[in-house]
Each structure stands twice: as C-alpha cells, then as structure tokens.
Amino acid sequence: ERVVTSGADDLERAAEAALRPRALADFVGQATVRDQLSLVLHAALGRGVPPDHVLLSGPPGLGKTTLAMIIAGELGTSFRVTSGPAIQHAGDLAAVLSSLEEGEVLFIDEIHRLARPAEELLYVAMEDFRVDVVVGKGPGASAIPLTLPPFTVVGATTRAGLLPAPLRDRFGFTGHLDFYAAGELERVLVRSAGLLGVRLDADAAAEIASRSRGTPRIANRLLRRVRDWAQVRGDGGLDLRAARAALEVYEVDALGLDRLDRGVLEALCTRFGGGPVGLSTLAVSVGEEPDTVETVAEPYLVREGLMGRTPRGRVATPAAWTHLGLTPPQPDGL
Ligand code: ADP
C-alpha cells in the first residue's frame, strides 16, 4: 500500500536523494515559482546579501525539500534541516538558530506544526536576527539577547493558510507548488531513468506519469517498482508491458489514487451516501486527522473532479461513484 502514499520514510529518502535535481535548471515544471525564485536568488547574489526568507507551500512530494536544497546550492551556502514536529521546545530552536553561520539556509519542514513559543522565537529571529537565550530557571532567570548573522529560512508547509499571520508575514517570498501535468511527470521520469541507467520507453513513461497522482515522488517510486518488475519478470527494459504489469501488481488504480484518497472517497460514498458531510466526521471515519484529509487527500480529489466542497460539507461527484465502480444515487423526487 505504501507504493502510492505521497509521504516518504527514511529508506525512501535515501533512494530519492539520488534523483533530486541539484540546480534550478534541472527542476522540472512549476515554471512560475521557478522563475520568481530565480529572480529572488540572482538579485540577492548580485547584492551579496542573503535573500529574503522563502515559504513553499503545497501537498507532499511536489518538490519543496528539493527546491530548498536548490536554493542553498544556487547561493553556494550550506543547508541545515529541521522540522516543526522535531522542535519540542523553543530552546531547541534557539540552539539551532544560534549555531547558524552567515548566509546559511535553514530548512524548516512542516513549519505549521511548530509549537507556539518556538514560533514566536522564530519570527523575532527572522525579523531582527536575534534570539533571547534564557539563562537560569524561575524568578532568577534572565534573557540574554544574542545577535545572529543574517541567514535565510526556507519554510515548507502543506498549506500556507495554516500559518499564523505574524509568521507568514516574515517571509518575503511565498511560492505555491501545484500538482504536475502528466507531460511534466514524463520529463521527471525520463530524467530519473537516465540517472538510474535504465531504458524507459516513451509509452511506458506516459503510462506511469498518468498514474502518479500529479506527484514527482510517486512517479519516481512507481518507476523503481516498474524497474523491479522488468528486472525480475521482463527483459530489463521498461516498456509498456512492464509498466502495466507492475502497476497491476501494486494495485495502482487508473488515477493513481493512494490509500488515503480511496479511503476518503469510499467513506464519502458508502457511509455518507455521497455527502454532504463535515470534514471532521469524514476524517474520523477514515481514522485520520482532519488536517491530513484536508491538506493531503482533498486537494487532489478536488482537482480530479471527484470531490466537491460545499458550505454544508464534502460531497462525492458522479465521477467518484463511477471511479469506485458504484452507482450514484438518483436525486430525490426523480
Ligand atoms: P516535498 O518536500 O514537497 O515533500 P521532495 O522535494 O522531497 O517533496 O520531492 C520528492 C521527490 O520528487 C524527490 O526525490 C525529488 O527528486 C522529486 N522531485 C520533486 N520535484 C521535482 C521536480 N520538479 N523535478 C524533478 N524531480 C522532482
């Protein structure tokens, strides 16, 4: 089932590292964000100062981490990584910030999940390049202001709207990443096949791209599974037959929906008669956080015309019923 989820675990991160584009010019698609970012970076390089802080938003697997690394690469500085959930206390963040060197890029993944005190510390640091280091405990504690060298925060979030305004306002540039078109995913696949040293036929690339849920991470993952199939059961070449057979083995459906997407659609149709149903009720019925359903599953389902959002809740479209092999209910009174 992991074959089609859009998140990545540690093992996969290692496989991904090999396929990550290192320069802006190798980053496929997202032309608008790429162009805007290129201006921000070149202007900063020209002035010899670190660029404004950058916020990247969009669903998992669309290239936020990759872009953050590219930013550091293009600036010729080093790259430090942390994440909202990894920072338990404001002090953890103060330690990271006070160890930054001039011009470094600090990538904060899932920045919307930072705890409030850490968030407050962060926006002071981003604005004034200063942290208050608290020394001692209780009534005798004192805060010693520490000046930081200029640096650039690159924050990633699945939805910029989840960030409190004071934090959001500290970012000079916000780029929103959208799902990739099939043609763009084909280019990602061709590039990856080249790096993996395998032959990928054009029709096989098109087949994999069309089932990758608009997501490069999934495209690369499916490519590795097709390569496995070709190696074990085929002649090593990644042709259409290998692509179809491997996708069949891994139960990737025609739209490339993942387990969560399918779960949400199935619950919507079979338990709630197609809706409308509130987000939290829907989330409980699939055993997920409302936030996960809203930021991970929903954007793709809405984009594919399978789910609609109405003031009274989420609804399944006729296409959703058809996709699940179910008959849509007839409207009352007909
Ligand atoms: P996110 O941080 O948004 O979850 P990542 O940056 O980790 O996503 O990207 C996931 C994988 O997809 C990486 O292996 C990366 O190489 C690949 N990838 C993402 N975007 C692109 C792109 N525009 N061009 C080529 N490969 C990409």
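These legends walk through several views of a predicted model.

**View 1. The whole protein, before we zoom in.**
Start with the full chain of this predicted model, which has 334 residues. You'll find 14 helices and nine strands in the protein. Along its principal axes, the C-alpha trace spans about 70 × 55 × 35 Å. As for burial, 38% of the residues count as buried. Now look at contacts with a separation of 6 or more: residues 24 or more positions apart make up 71% of them.

**View 2. The shell around the ligand.**
Here we zoom in on the ligand, with 20 residues surrounding it. Look for E16, G63, K64, T65 and T66, which are the closest of these. Two elements, α3 (64-75) and α9 (216-232), give two or more residues to the shell. What kinds of residues make up the shell around the ligand? The tally comes to nine nonpolar, seven polar and four charged residues.

**View 3. The β4–β5 hairpin.**
This close-up shows strand β4 (residues 130-135) beside strand β5 (residues 142-147), paired in the antiparallel sense. Follow the pairing along and you'll meet six bridges. One spot to look for is D132 of this pair, which stands opposite P145 in β5. The two strands form a hairpin, and six residues sit between them. Pause at G136 in the turn, where phi is positive, at about 85°.

**View 4. R309, a residue listed by UniProt.**
An unreviewed UniProt entry lists R309 and R314 under "binding site". We take R309 first, which you can find in strand β8 (residues 307-310). Is R309 buried or partly exposed? R309 counts as partly exposed because it has 15 C-beta neighbours inside 10 Å, and 20 or more would be needed for buried. Leaving aside residues up to four places away in sequence, R309 touches V302 and R314.

**View 5. R314 and its surroundings.**
Next comes R314, the other residue in that UniProt "binding site" listing. R314 lies in strand β9 (residues 313-316). With 25 C-beta neighbours inside 10 Å, R314 counts as buried. Which residues does R314 touch, not counting those up to four places away in sequence? They are L268, G275, P276, V277, L279, L282, M307 and R309. So the two listed residues also turn up in each other's contacts: R309 touches R314, with R309 counted as partly exposed and R314 as buried.

Methods
Residues numbered from 1 in each chain as written. Predicted model: local features only at pLDDT ≥ 70, side-chain atom pairs only at ≥ 80, totals over all residues. Pairing = 2+ DSSP bridges. Helix = DSSP H or I, 4+ residues; strand = E, 2+ residues; numbered from the N terminus. Near = placed C-beta within 6 Å. Nonpolar A, V, L, I, M, F, W, Y, C, P; charged D, E, K, R; others polar. UniProt positions renumbered as here; feature names shortened; annotations may be inferred. Buried ≥ 20, exposed ≤ 12 C-beta atoms within 10 Å, placed from the backbone. Contact = placed C-beta atoms within 7 Å.
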